Amino acid sequence: MAEKRAAIRYAKAILSIAQNNDRTDKISNEMNQILTTINSNANINDILKSPIVKMSDKTSLVVSLFGHFGPEVKQLFTVLADNKRIGLLKDVAIKYNQLFDDSCDRIHATVKTAVPMGSKLELKMREKLKTLSDSKISLTKIIDKSIIGGFILRVGDYQYDASVSHQLNKLKNKFQNK
């Protein structure tokens, strides 16, 4: 719990600096790159959180991966390393993006489909999302063949599961209960 609070504090600080420098969008892109990189290779996060790996090695890894970022994010790396909190990098990036979205009155929606959505379906999905909220909505599309067909829509804490796999599981449970 303390780590989550610390991540929020660092995220608030970097957001404040970004707002003062009018670079919130740029830093949001950099935070997304950090998340994408860490999520695509679990070893990176393991190394950053490991108590065995030297802080200098962790810092070198971060600089080699993200050394081309702007001065604000580089300073974040330095502060995290100085405070021996470099393992919070992923959490800080997540919290920054949440705070940034809140400040822009933006909501993230994620839709999972078994096959890529066509432009007509995506347009219908965006129109439906507009009826749910007055906020700006960014839509992330994920292809997940395990859902077989249909879609799973997630907006904040709300999830609507219209997938074939969900329907099959409901049917299976219905038969097992009788």
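A: Contact, in what follows, means heavy atoms within 4.5 Å, and the model to which we apply this is a predicted one.

Q: With that cut-off in hand, which residues does Leu80 touch, not counting residues up to four places away in sequence?

A: Once those sequence neighbours are set aside, Leu80 touches Tyr10, Arg85, Ile86 and Leu89. Leu80 has its place in helix H5, and at a relative accessibility of 0% Leu80 counts as buried. A separation in space can also be set beside a separation in sequence: Leu80 and Ser56 are 24 residues apart along the sequence, with their C-alpha atoms 12 Å apart.

Q: How should I read the helix around that residue, and which residues in H5 are buried?

A: A careful reading takes the span of the helix and then its burial. H5 has twelve residues and reaches 16 Å from its first C-alpha to its last, which is close to the 16 Å expected at 1.5 Å a residue. The buried residues in H5 are Glu72, Val73, Leu76, Phe77, Leu80 and Ala81. After H5 comes Lys84, whose phi is positive, near 55°.

Q: What describes two packed helices, and at what angle do H2 and H5 pack?

A: The packing of two helices is described by the angle between their axes together with the distance between the axes. Here helix H2, residues 24–40, packs against helix H5, residues 71–82, at an angle of about 50°, and the two axes are 9 Å apart. That makes H2 oblique to H5. On the H2 side the residues that meet H5 are Ile27, Glu30, Met31 and Ile34, while on the H5 side they are Glu72, Val73, Leu76 and Phe77. Sorted by class, this contact has six nonpolar residues, two charged ones and no polar ones.

Q: What span should the residues of H2 have at 1.5 Å a residue, and which residues are buried in H2?

A: The 17 residues of H2 should span 24 Å at that rise, and the end C-alpha atoms are 24 Å apart, so the two values agree. In H2 the buried residues are Thr24, Ile27, Ser28, Glu30, Met31, Ile34, Leu35 and Ile38. Viewed down the axis of H2, these buried residues fall within an arc of 165°, so they line one face of the helix. Thr36 and Ser40, on the other side of H2, are exposed.

Q: How does helix H4 read by the same steps, and what covers the buried residues of H4?

A: Helix H4, residues 55–66, has twelve residues and reaches 16 Å between its first and last C-alpha, close to the 16 Å expected at 1.5 Å a residue. In H4, Lys58, Val62 and Phe66 are buried. Around the axis they cover an arc of only 40°, which puts them on the same side of H4. What covers them includes H2, helix H3 (42–49), H5 and helix H6 (89–103).

Q: Turning to the backbone, what is the phi of Asp105, and where is Ile148 found?

A: For each such residue, the sign of phi can be read together with its place in the chain and its accessibility. Asp105 has a positive phi of about 55° although it is not a glycine; its place is in the loop between H6 and strand E1 (106–113). At 44% relative accessibility, Asp105 counts as partly exposed. Ile148 is found in the loop between strand E2 (136–143) and strand E3 (150–155), and its phi is near 70°, a positive value in a residue other than glycine. Ile148 is exposed, with a relative accessible area of 52%.

Q: Is Gly149 buried or exposed, and with which residues is Gly149 in contact?

A: The cut-off matters here: buried means under 20% relative accessible area, so at 13% Gly149 counts as buried. Gly149 lies in the loop between E2 and E3. Apart from neighbours within four places in sequence, Gly149 is in contact with Ala114, Ala162, Ser163 and Val164.

Q: As a last case, which residues is Thr140 in contact with, leaving aside its neighbours within four places in sequence?

A: The contacts of Thr140 are with His108, Ala109, Thr110 and Val111. Thr140 is found in strand E2, where it is partly exposed, with a relative accessible area of 36%. Although Thr140 and Val111 are 29 residues apart along the chain, their C-alpha atoms are separated by 6.3 Å.

Notes. Residues are numbered from 1 along each chain as its sequence is written. This is a predicted model: local features need pLDDT of at least 70, side-chain atom pairs count only at pLDDT 80 or more; totals for chains, interfaces and linings use all residues. Side-chain values use heavy atoms; hydrogens and water are left out. Axes are lines fitted to C-alpha atoms, for helices over the stretch in contact, and angles run from 0 to 180 degrees between N-to-C directions. Helices (H or I, at least four residues) and strands (E, at least two) are DSSP runs, numbered from the N terminus. Angles under 35 degrees count as roughly parallel, over 145 as roughly antiparallel, 65 to 115 as roughly perpendicular and the rest as oblique. Ala, Val, Leu, Ile, Met, Phe, Trp, Tyr, Cys and Pro count as nonpolar, Asp, Glu, Lys and Arg as charged, and the others, Gly among them, as polar. The expected span of a helix is 1.5 Å times one less than its number of residues. Buried means under 20% relative accessible area, exposed over 50%, partly exposed in between (1.4 Å probe, protein chains only). The arc is that of the directions from the helix axis to the C-beta atoms.
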